[in-house]
Amino acid sequence: MALANQIMRAVYKFFILLVGIVLWNAPSYAAEAKAQTKKVRLAYVGWEVGAAVSYVGIDGGIFKQNGLEVEEVFVRDPLSGGVQTLIGADFMVGFGNPLALIQPVLTGADVVAVASHVSLEPYGMAVSQNIQKVTDLKGKRVGVSELGGRSDLIARVILRRAGLDPVKDVEIVGAGLAPNRLLALSKDLIQGAPVNEQFAAEAKKIGIKIIDVKEIPAFTSLLLTTRTFMKRDEDTVRRFMKGYIEAIHFYLTRRSDSLAIIRKYFSGSNPAALESMYDGFAAELKPLPEPNREAAQALIDTAAIVDPKAKDLKPDSLFDSHFLDEFKANGFMDKLYAEKVSL
């Protein structure tokens with residue numbers, strides 16, 4: 001019994017000593033952790049898929065787990081998507097007029113996209129009765145909502161897929177919303193017009209010819225930064241990209257938690273509408289937000305109307321995907337998605 005008591009006293013003393021060591025070193029551990037936390041500024045222009053992912057990353061504590069304190073900055077700059085904000089921010093998420101990205105690149109601005117989100121749009125090409133296939137639009141007029149708008153980008157992808165140069169082979173003109181485009185088509189003011197699935201179905205009912213095409217990729221959000229920042233603080237960019245990809249995983253696999261975060265910013269909104277928004281964003285998300293060459297080429301084609309120098313740009317010049325490539329090669333993505341994700 002005496003021996004047992006001695007052992008218990010020894011263990012107790014060791015425990016007290018251990019606790020003392022931990023408490024003595026706790027401030028230094030905390031200071032070290034604080035020193036390792038990096039602060040970054042993330043600008044955004046509106047609530048879209050990239051912003052939703054970012055807020056899930058912030059409010060879900062994902063960026064913090066990667067040693068980042070993210071300050072979000074709202075920018076009232078819907079036209080340019082806040083690209084100019086990168087002068088005072090580390091990252092920019094959003095998507096505005098395509099020219100806002102292309103023109104700074106043409107003038108040597110230090111702007112680059114490191115991730116992108118793309119939606120696949122079910123579109124058709126409404127055409128005059130004498131047009132049999134998309135290639136027959138060579139030398140014709142194609143109407144879009146406005147130059148640089150979504151239907152313009154869609155039209156350029158459709159034309160390129162058919163082997164036509166949308167800058168040289170076709171005259172693309174602004175003709176207003178889909179009903180206006182169909183009216184212009186019926187009067188032969190234009191000979192082609194991209195229309196979404198809904199309007200394509202209605203157009204067929206009134207005898208307008210629709211050429212069906214496969215789904216069209218279009219950017220819905222871009223994550224931008226500067227090459228200077230990547231070079232100066234590669235570790236911080238890597239942490240942010242890792243956190244962003246983990247936030248995508250969180251969004252796709254934790255529906256109720258993601259909806260709870262979104263609901264914080266839309267208090268009083270119709271729950272059904274929020275769920276619909278969540279589902280719409282989820283449909284645009286891929287585990288790895290890699291660039292889409294067709295969508296990027298459409299941006300370049302659009303910019304070439306205003307600045308002919310843009311036609312010499314290549315899609316790869318708008319993106320730096322080496323972080324995404326790294327995560328794919330080192331097994332990070334396989335580990336993150338080890339369990340099957342059901343969308």
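How do the residues lining the second largest cavity divide into nonpolar, polar and charged? Keep that in mind while you read; point 3 comes back to it. Here are my notes.

1. First, a reminder that what you see above is a predicted model. The chain has 343 residues, and 48% of them count as buried. Its secondary structure comes to 14 helices and 10 strands. If you look at contacts with a separation of 6 or more, 80% of them are between residues 24 or more positions apart. As for the outside, the accessible surface is about 17,700 Å², and carbon and sulfur atoms make up 56% of that.

2. Now have a look at the largest pocket, which holds about 240 Å³ of space. Its lining has 15 residues, and those nearest the centre are V118, S119, L120, E284 and K286. Two elements, β4 (112-121) and α11 (271-284), each give at least two residues to this lining. The largest share comes from β4, with 5 residues. Sorted by class, the lining of the pocket has 7 nonpolar, 5 polar and 3 charged residues.

3. Back to the opening question. The lining of the second largest cavity has 8 nonpolar residues, no polar ones and no charged ones. You can find them in the model as L153, I154, V157, P217, A218, F219, A295 and A298. At least two of the lining residues come from each of α5 (150-161), β10 (216-225) and α12 (293-306). The space inside is about 30 Å³. The count of cavities of 30 Å³ or more is 2.

4. H117 is worth a click. This residue sits in strand β4, the strand that gives the largest pocket the largest share of its lining. Is H117 buried or exposed? H117 counts as buried because its relative accessibility is 3%, and the cut-off for buried is under 20%. Its side chain makes a polar contact with the side chain of Y244, at 2.8 Å. Setting aside residues up to four places away in sequence, H117 also touches a long list of others, including V49, G50, T220, I248 and P289. Two more names on that list, A218 and F219, should look familiar, as they also line the second largest cavity. E284 is another residue that H117 touches, and you met E284 in point 2 among the residues nearest the centre of the largest pocket.

5. Next, go to helix α14 (residues 332-336), where you will find M333. With a relative accessible area of 11%, M333 falls under the 20% cut-off, so this residue is buried. Which residues is M333 in contact with, leaving aside neighbours within four places in sequence? They are I245, P287, L288, F327 and K328. Take L288 as an example: M333 and L288 are 45 residues apart along the chain, yet their C-alpha atoms are separated by 8.0 Å.

6. Last, a backbone detail. Most residues other than glycine have a negative phi. D188 is not a glycine, but its phi is positive, at about 60 degrees. Where does D188 lie? You will find D188 in the loop between α6 (178-186) and β8 (192-196). D188 has a relative accessibility of 49%, so it counts as partly exposed; exposed would need over 50%.

Notes: Residues are numbered from 1 along each chain as its sequence is written. This is a predicted model: local features need pLDDT of at least 70, side-chain atom pairs count only at pLDDT 80 or more; totals for chains, interfaces and linings use all residues. Side-chain values use heavy atoms; hydrogens and water are left out. On a 1 Å grid over the protein atoms alone, a cavity is a set of points where a 1.4 Å probe fits but cannot get out, and a pocket is an open set with protein on both sides within 12 Å along at least five of seven lines; lining residues have an atom within 4 Å of a point. Grid points are joined across faces, edges and corners, and a volume is the space filled by probe spheres set on the points. Helices (H or I, at least four residues) and strands (E, at least two) are DSSP runs, numbered from the N terminus. Ala, Val, Leu, Ile, Met, Phe, Trp, Tyr, Cys and Pro count as nonpolar, Asp, Glu, Lys and Arg as charged, and the others, Gly among them, as polar. Buried means under 20% relative accessible area, exposed over 50%, partly exposed in between (1.4 Å probe, protein chains only). Contact means heavy atoms within 4.5 Å. Accessible areas come from the Shrake-Rupley method with a 1.4 Å probe; for residues, only the protein chains shown count as cover. A polar contact is a pair of N or O atoms within 3.5 Å; within protein, one must be able to donate a hydrogen and the other to accept it, and residues adjacent in sequence count only if both atoms are side-chain atoms.
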